[in-house]
Amino acid sequence: EVIKFKITSTGEISEIIDKKTNKVINTGISNRFSMYRDVPTMFDAWDIDSMYQDTQVDLGEADAEIKLLSQGRNFVCISVKKVINNSGVSQKIILKKGSRRIDFITKINWKETHKLLKVDFDTQIHSTEAMHNIQYGYIQRPNHKTRQYDRDRFEVCAQRWSAISDNNRGFAVINDCKYGISSTGSILSLSLLRSPLAPDMYADKGIQEFTYSLYTWEGPVIDSRLAEESYNVNVPVKVFEGENTRSGSYIKINCKNIVLDTLKPSEDGKGVILRVYDMLNVSCDVEIRTMFNFKEAYLTDMLENEICQLQSDNGRITLNVGNFEVKTIKFCI
C-alpha cells in the first residue's frame, strides 16, 4: 500500500516509488554488492586499511536467479540467488503490508581469502553528514573527505542503523549484526564479511546468515519511526498462544522520540525499574502511563539510588527528558 520498488536482473533495487503520491523516492542503486582485496599492513584480522578502496574486485554483471516466492495480503517475498566471485549468495527480499522497510534476509556460503564484502545503497540525498546509531542516541559524522581527520574516518561504527537525511526525506540502512559502515557522499556501504588468514586461516569461511534492511521516510527525522523500525529488525515480535489473554500495553509513552530501553525488577526487590532515553536529539516533557499499580515513583541514577520523588496521578507520571538524555525511574510496588 505504501511503496513499490523495481528489482534489476542482478537482484539490485533500482527505483523506489511512493504509491500514495506516485513520487519517485529514490533512483540510486541499492543492494549492490562490492568486493575489495583486503590485505592490512599490520593486523590481518583486526584492521581495514584505507587503500582497500583502490583494489576493487570485478564481480561482473551476471544475471541472478530471481523467483517470486510469495505474494499475499500481508507481504511479498522475492528469492534472489547468484554467485559473487567464489561465493554463493541467497537472499529473500521482503516487503510487508503497510511498511516502508525492505528486508534482505541473506545467506552466503563464504569462500574468499583476503577479501572484504560490502553492500552499497545510493541514497541520492545531499548532506555533509551521516547519522550513525550508538547506544542511547546517534552521532553525526562527515560523509566527505575534505580534511585529513575526515579521510581517516573511512570506516566507522554503527549499531542498529545509519542514515542520511535532509529536511524533506531520509534513507536508512538497518542491520541486525553488522556494525561497520562507510559513508561517502550519498552512498552508505555496509561491511558484511572479511576473510583474514591470521590468526585463524579459516575465519568466517562457510555459511553466514544475517539480515539488513532499507528504510525510507518522508519528512523530518522525528517523524521517521526509525527507532521503532530498527528495534523491529533486531528484536522481532514473539507471539505466544494462551488462555485468558487481553490486549494492552504495560507502558505507554506519548513522545515518539522517547525509547523504552529497560523494564526490570529493581535491585532492592521492592519495585520495577524503567529506563527511557531520547534517541533523536529532541528534548520534551514526557508522560508515562503504566498498566500496573504502584505506590510511589522516584527518579534514580543508573545505580538505582533515589534522587527525588516524582508526582503521580492515576498511574501516570510526567518528567522532562533532555537531548539524548537517559532517565531511570523506580516504581515502588
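In which sense do strand 16 and strand 17 (residues 187-194) pair, and over how many bridges? In this predicted model, the two strands run antiparallel and are joined by 4 bridges. One of the pairings puts Thr184 opposite its bridge partner in strand 17, Ile187. Together, strand 16 and strand 17 make a hairpin with 2 residues between them. Gly185 sits in that turn and has a positive phi of about 65 degrees.

Strand 16 (residues 180-184) has a partner besides strand 17: strand 13 (residues 156-157) is joined to strand 16 by 2 bridges, again antiparallel. Here Val156 finds its bridge partner in Ile181 of strand 16. As for cover, 4 of the 5 residues of strand 16 are buried, so the cut-off of under 20% relative accessible area leaves this strand mostly covered.

Next comes a loop residue, Thr123. Thr123 sits between strand 10 (115-122) and strand 11 (129-134). Is Thr123 buried or exposed? With a relative accessibility of 1%, Thr123 counts as buried because the limit is under 20%. Leaving aside residues up to four places away in sequence, Thr123 touches Asn26, Ile164, Arg169, Phe171, Ser186 and Leu188.

Arg169, one of those contacts, also takes part in a salt bridge with Asp166, at 3.8 Å from N to O. Arg169 is partly exposed at 21% relative accessibility, and Asp166 is partly exposed at 27%.

Salt bridges turn up elsewhere too, and the count comes to 23. In general, side chains of opposite charge can pair when their charged atoms come close. Arg32 and Glu12 form one such bridge, 3.3 Å from N to O. Arg32 belongs to strand 4 (residues 30-37) and Glu12 to the loop between strand 1 (3-7) and strand 2 (13-18), so this pair ties together parts that are 20 residues apart in sequence. Arg32 is partly exposed, at 35% relative accessible area, whereas Glu12 is buried at 8%.

Asp103 and Arg101 form another salt bridge, their closest N and O atoms being 2.7 Å apart. Asp103 is buried at 8% relative accessible area, and Arg101 is buried at 7%. These two belong to a network of salt bridges that also links Arg225, Glu228 and Glu229.

Glu229 leads on to helix 2 (residues 226-234), where Leu226, Ala227, Glu229, Ser230, Tyr231 and Val233 are buried. What do the buried residues of helix 2 pack against? Their neighbours are strands, among them strand 9 (101-110), strand 18 (206-218) and strand 20 (258-265).

Key: Residues are numbered from 1 along each chain as its sequence is written. This is a predicted model: local features need pLDDT of at least 70, side-chain atom pairs count only at pLDDT 80 or more; totals for chains, interfaces and linings use all residues. Side-chain values use heavy atoms; hydrogens and water are left out. Buried means under 20% relative accessible area, exposed over 50%, partly exposed in between (1.4 Å probe, protein chains only). Contact means heavy atoms within 4.5 Å. Two strands pair if DSSP finds at least two bridges between them. A salt bridge is a side-chain nitrogen of Lys or Arg within 4 Å of a carboxyl oxygen of Asp or Glu.
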